[in-house]
Amino acid sequence: MVDLSRIVAVPLLAIILTPTDAALSKGLLESQSVPEKIRESINVESGLNDGMCVPIFLFLFLSWQHGEFQGAATMLTFLIEEIGIALIVGVSVTYGALKLTQLSATRHYFEKSSSPFLVLSVAVSVFTLAQLLGGSGFVAAFVGGLVFDKFYRADDDEKLIEDSEHIADFFAYLIWCLFGAYAFFQLQTIDLNIYKVLFAFLAATLVRVAPVMLSLIPFNELSLKEKFTLAWFGPRGLASIVFTLMVLESTENGLAELATLTILMSVFVHGITTRPIANSYKNRN
């Protein structure tokens, strides 16, 4: 066994800041002038990479806490268990819930006034069960969303989802308020300097933009502007907040400080650029 607590801290910080939050790009996602393929790509990426990051984060976090790394085989087994359980739970629970919903609707047991809570209850159930069984709740919830979108075909489908999103938005705003209070306290105690601010800015912008632009080179059907839009809109949000809060109890505060600064920088930078970039598509040919 090798003490890798210092070495593991670097990829751990990277994985904390990897997830993106489509909610912070809502102005772009709701703009009909932006091509649908761009909006869908940003939305799907936000849901997918949250789930994919969780198993890696947990593995790195445990290695960082214990200062021991057990090798690639252990990590591979860990990832297979996390993702495999999540896939089974996400598909089976969501599909079963949809069948029960359809049965309830045909027998007039479906109360429309409480239907907005249906999607949320299924999502919470999927997440909770996956976590209890040792899987990734984020992956399970994402897979459950795909199953729900594929098989749910009620007449008021759009209305049901919209109402559910309003409830989810409320809780998201609540979490942001709590994070704002924590960030305010953190900024009072942090040893702020130009290097930390520069890191936060680069982590929220260039570190995201450069690799995504390179990965999009083969996609000739996308214009340079569309590629940049996909690369730019990777704001750090709720998943990064959850990861940050998980490392708070550690004696190493540097990770939490840098993560907090990067999230705050991302909220500011991506917040002020969302509408201008969305409006720039209005005059496209």
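A residue is called exposed here when its relative accessible area is over 50%, and buried when that area is under 20%; both words recur throughout this tour of what is a predicted model.

Begin with the whole chain in a cartoon view, where the secondary structure amounts to 12 helices and 0 strands, so that reading along the sequence gives the pattern α-α-α-α-α-α-α-α-α-α-α-α. If you then colour by accessibility, buried residues account for 42% of the 285 residues in the chain. Switching to a surface representation, the chain exposes about 16000 Å², of which carbon and sulfur atoms supply 67%. A contact map is a useful companion to these views: among contacts with a separation of 6 or more, 80% join residues 24 or more positions apart.

Next, select the cysteines C53 and C177. C53 has a relative accessible area of 5% and is therefore buried, whereas C177, at 54% relative accessibility, is classed as exposed. A search for disulfides will return none, since the structure holds 0 of them.

Finally, select helix α9, which spans residues 206-215, and show the side chains of its buried residues, R208, V209 and V212. Because these three cover an arc of only 90° around the axis, they lie on the same side of α9. Now rotate the view to the face of α9 turned away from that buried side, and select L206, V207 and L214, which are the exposed residues carried there.

Notes: Residues numbered from 1 in each chain as written. Predicted model: local features only at pLDDT ≥ 70, side-chain atom pairs only at ≥ 80, totals over all residues. Heavy atoms only, no water. Helix = DSSP H or I, 4+ residues; strand = E, 2+ residues; numbered from the N terminus. Buried < 20%, exposed > 50% of the residue type's maximum accessible area, 1.4 Å probe, protein only. Contact = heavy atoms within 4.5 Å. Areas by Shrake-Rupley, 256 points an atom, 1.4 Å probe, with all protein chains shown as cover. Disulfide = S-S within 2.5 Å. Arc of directions from axis to C-beta.
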